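Please look through the sequence and the model below before reading on. The text then takes the chain as a whole and moves to a few of its parts.

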Amino acid sequence: MEISMCFSSTMDDEYEKLKRRLNPPRVVIDNDSCKNATVIRVDSANKHGILLQVVQFLTDLNLIIIKAYISSDGGWFMDVFNVTDQDGNKITDQEVLDYIQKSLGPESCFTSSMGSVGVKPTVDRTVIELTGSDRPGLLSEVSAVLTHLKCNIVGAEVWTHNTRAAAVMHVTNRDTNSPITDLETLSRIKQLLCHVLKGSSSSSWRGAKTAVSHEQTTHTARRLHQMMFDDRDYERASGGSNVTAASEDERRRLTVEVVNWYDKDYSVVTIRSKDRSKLLFDTVCTLTDMQYVVFHANIDAEGPEAFQEYYIRHLDGSPVNSDAERQRLVLCLEAAIERRVSEGLKLELCTTDRVGLLSDVTRIFRENSLTVTRAEVTTKDGKAVNTFYVQDASGYPVDSKTIESIRQVIGQTILKVKGGPGESSKVPAQESPSRFLFGGLFKSRSLANLGLVRSYS
C-alpha cells in the first residue's frame, strides 16, 4: 500500500512538471497602462493553491495590491494584479521587477509544495509553536522560561484573537548558537511551556498546545492562521465575552456574506471591510486552507474601504451545502481578517541582539501596565528588530509619559514610536479582554512561585 501511494504521488509530481513544461507560466509587467499602479499579469497552468502562492509572494515583497482580477475556470489560471509600493507609488526598481519576472515566470519555485513557498530555511534553529488561552503577561512568562532554559529567541511572530493566543518562535542554544537537539532539553521545553500556557486555571475549554521541531515547512503567517483555525478561535467561548480582537470601529465596518448562485453552481463570497496591509493574503489563505477553490474574484482596495468578491466551490466542484457551513465560513473569514488588525501605538525596537532581550522588554512593558496586541521579532547579522503594538492594559489611550519613561529605561535611540505624533490617541478607549498576551496586571502570579525561573525582584 505504501509503495502504491508513493508511486502515485511521484506520478502526480511528474505529471505536474510535464504540464508545466508544455504550458510554462507567462508574466507580463506593465507600468504604462495604469496611471497609479504597476500591472502584473500572470498566466499559468492551474492547480489548487496557486492563487495563494502568487498573493503570498507579492505580499512578502511588501507590495500593496489595490486591485485584482482572478479567473481560473478550467485548466488555466489568469490573474491581473495592480500593485504599488508602501508609499503608493509604482514599482520602478528594475531589480525588483526582474525578481518578480523570474520568481513568477517559467523559472519560478511554484513547482514545489504550495505550503513551502516563501518559507525561510530553519536548519540553524529550533521552531516552537504555541497555542493557548490569552492572559496578562503570557509572552513575558514564555520568553522568561526560554531564557532560563538557555534558549536564545532569534525570531517570533505572535497573534491574539478572541481570548486565544498563537506564536511561532525560532530559538537556538544560547551557548552554541545552534539548534537544540538534546532530547531531554526539548522535552523539558515542551513540558514547561505547556505548563505556562495552561496557567493556574483549568477553565479553558480548548486547552493549550506546544510543538517543537527542527524544520518549518509552512510560511509563518499561513501557519499562524492554520494554528488559530485549528484552535477554533472563530468560536465564542461559552459564557465568554463577545468582544473581538478588532476594534469596534473595525467590527462595524466588516461584513461577510455568502450566497449560492445556483445557475452556475458557485457560492459567492462578498467581503467589505476597512483596507489594511496583507488583507488579501489573509482572506485567500483561509479559503485555501478550508479546501475551497477560487474560480473567479474581483478585488478593489483603492480607497480606505476594501471590496472582495469570490466565486468558490469545494474541491469536488460543489458549492456551500448548508446554512451551518455558510455560517462557519462567515465566522472563519471574519476571524482571519480580525487577527492582524494592528490596534494601539506602534513601537519599534532596534538594537544589538542578546540572550534574554525579548524577556527583558516584555517585562518592562508588563511593569508599566502595557498590553501588546501583536508582535514580530526578527534578528539579522546580530541586530534585533522587534515591532510591538501596545495599549494601556486598562483600555485607555497610552499615556505619552509612560512611553517616554519606558524609552528612558530601554534607550530612546533603541525604542522608537512609529507614526504621527497623535498616534497614541487612536488607541480605542474600550477594554479588550482578548488582548492580554503581554499585559501584566497580576504580578502575584510569578514564574518564581511556579519554580520555573528566578525572580526578577
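What follows goes from the overall chain to a set of strands, then to a helix and two cysteines.

The model is a predicted one. Its chain holds 12 helices and 16 strands. Of the 457 residues in the chain, 51% are buried. Contacts between residues at least 6 apart in sequence are mostly long in range: 74% of them join residues at least 24 apart. The accessible surface of the chain is about 21,700 Å², and carbon and sulfur atoms account for 50% of that surface.

Strand β10 is a useful place to start among the strands. It covers residues 266-274 and is mostly covered, with 7 of its 9 residues buried. Strand β10 pairs with two strands described here, β9 and β12. With β9, residues 255-261, the pairing is antiparallel and runs over 7 bridges. Within this pair, Asn 260 stands opposite Ser 267 of β10. The two strands make a hairpin, with 4 residues between them. In that turn, Asp 265 has a positive phi of about 60 degrees.

The pairing of β10 with β12, residues 305-314, is also antiparallel and counts 8 bridges. Here Ser 273 of β10 faces Ala 306 of β12.

Helix α5 can be checked by its length. The helix spans residues 183-198, and at 1.5 Å a residue its 16 residues should span 22 Å; the C-alpha atoms at its ends are 22 Å apart, so the two values agree. Buried in α5 are Leu 186, Ile 189, Leu 192, Leu 193, Val 196 and Leu 197. These residues take up an arc of only 140 degrees around the axis, and therefore lie on the same side of α5. On the face turned away from that buried side are the exposed residues Leu 183, Glu 184, Gln 191 and Lys 198. Just after the helix, Gly 199 has a positive phi of about 65 degrees.

Which class of exposure do Cys 332 and Cys 350 fall into? Cys 332 counts as buried because its relative accessibility is 1%, and the cut-off for buried is under 20%. Cys 350 has a relative accessibility of 38%, so it counts as partly exposed; that class lies between the cut-off for buried and the one for exposed, which is over 50%. With sulfur atoms required to be within 2.5 Å, the count of disulfides is 0.

How values were computed: Residues are numbered from 1 along each chain as its sequence is written. This is a predicted model: local features need pLDDT of at least 70, side-chain atom pairs count only at pLDDT 80 or more; totals for chains, interfaces and linings use all residues. Side-chain values use heavy atoms; hydrogens and water are left out. Buried means under 20% relative accessible area, exposed over 50%, partly exposed in between (1.4 Å probe, protein chains only). Two strands pair if DSSP finds at least two bridges between them. The expected span of a helix is 1.5 Å times one less than its number of residues. The arc is that of the directions from the helix axis to the C-beta atoms. Contact means heavy atoms within 4.5 Å. Accessible areas come from the Shrake-Rupley method with a 1.4 Å probe; for residues, only the protein chains shown count as cover.
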